[in-house]
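User: Please take a close look at one strand of this model and its pairing, and then at the salt bridges.

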Amino acid sequence: MFQERTSVGLDVHARSIVAAGIDAVTGELHRRRLVPQPDVVLDWLKDLPGPVAVSYEAGPTGYELYRRLTAAGYRCVIAAPSRLVRPSSDRVKTDARDAMLLARLLRMDELVAVRVPTPEQESARDLVRAREDTRAELMAARHRVSKLLLRHGHLYSGGATWTGKHHHWLGTISFPSRGTQAAYEAAREELDFALARRNRLESAIIEVANDSEFSSTTRNLACLRGISTLTAFALAVEIGDWDRFTGSSIGAYLGLVPSEYSSGESRRQGGITKSGNTHVRRLLIESAWHHKAVYRVGTVLQQRWDQAPPAARTRAHLGNQRLHRRWKNFSARSKPHNVANVAIARELAGWCWSLATLET
């Protein structure tokens, strides 16, 4: 509950901070436009009647201001922007009004706080997201190369694409036109650079995953089918504190539950909400496809099991069996595969939570 005397809302931007404070005793309002430097904000807060609580919205400016405020002894709440309660009739939006809204909601305990990672956790997340960006760049580079070749009548038929054999075939192609040849060489160069960046980042992820605070969670999650060390580490880093959820609530947090528009006796359900962490949702949906095939403990999965504790292996084995049975049931009912896979991903999120919170 709110116990401080003054509640402060900060509308934080890259080049300015608009601050608004409410004195709960006198009702006095304090307003100021500040430069975006933590020392300046701290100097202004010292002049307010204490104790003081501060809030601002999560955004691209990160968590440095939060860390400086908490280190100075102020209670700071970073509000989830999607959960702010705004009047539907309020059609005027300014920085000053946003700061005052945050101050009022903080005083009424109506803010939903986001989880603030530690510097080490944020570093691991930067690494994971850099690899995710590189993966998208690599996919785009591959599309450019393959579509350029297709336009000029070159189609690979020697098996799987983007293998060593396929890359050797790409090197044998040349064009009589200097313009097309230059474009092809530029596309190949971009492809090689993206592939090298991805491999370098994956090596760094594996190194961190083997010796960090996420190592045990990563090993537990990797016991499930379709979740390699890279995927398990990404899930562990992006979710962070798994104890915030339950096996049933984590699916809603990741946007894997159906949307609903119901009123009175009418009940309508739509597609999934797609709220929450997009990266984690994509990883789970891709991993869910692996549970469609017949369940066998192969060499790769057995190697991951050997690195995990017995309790994690046992629970993951039960999860793998159940998820495959669910796929079989959906197939027997002629459920569309995309719909069935999302349902499997939703349940897979619960199994991931079970393994991440497992006490061994």
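Analyst: The strand comes before the salt bridges below.

This is a predicted model, in which local features need pLDDT of at least 70, side-chain atom pairs count only at pLDDT 80 or more, and totals for chains, interfaces and linings use all residues. Residues are numbered from 1 along each chain as its sequence is written, and side-chain values use heavy atoms, with hydrogens and water left out.

The part in question is strand E4, residues 52–57. Helices (H or I, at least four residues) and strands (E, at least two) are DSSP runs, numbered from the N terminus. Five of the six residues of E4 are buried, so the strand is largely enclosed by the rest of the structure. Buried means under 20% relative accessible area, exposed means over 50%, and partly exposed lies in between (1.4 Å probe, protein chains only).

E4 runs parallel to strand E1 (residues 6–12), and five bridges join them; two strands pair if DSSP finds at least two bridges between them. Valine 8 has valine 54 of E4 as its bridge partner. Strand E5 (residues 75–79) also pairs with E4 in the parallel sense, over five bridges. Here glutamate 57 stands opposite alanine 79 of E5. With helix H2 (residues 64–71), E4 and E5 make a right-handed β-α-β unit. Right-handed means that, with the strands pointing away from the viewer, the path from the first strand over the helix to the second runs clockwise.

Now the salt bridges. Side chains of opposite charge can pair when their charged atoms come close. The criterion is a side-chain nitrogen of Lys or Arg within 4 Å of a carboxyl oxygen of Asp or Glu, and the whole structure holds 20 such salt bridges. One of them links arginine 5 and aspartate 23, with the closest N and O atoms 2.9 Å apart. Arginine 5 lies in the segment before E1 and aspartate 23 in strand E2 (residues 17–23), so the pair ties together parts that are 18 residues apart in sequence. Arginine 5 is partly exposed at 28% relative accessibility, whereas aspartate 23 is buried at 1%.

Another salt bridge joins glutamate 286 to arginine 282, the closest N and O atoms being 2.8 Å apart. Both residues belong to helix H10 (residues 278–288); because they are four residues apart, about one helical turn separates them. Glutamate 286 is partly exposed, at 41%, while arginine 282 is buried, at 18%. Salt bridges with shared partners also join Glu57, Arg86, Lys93 and Asp98 into one network.
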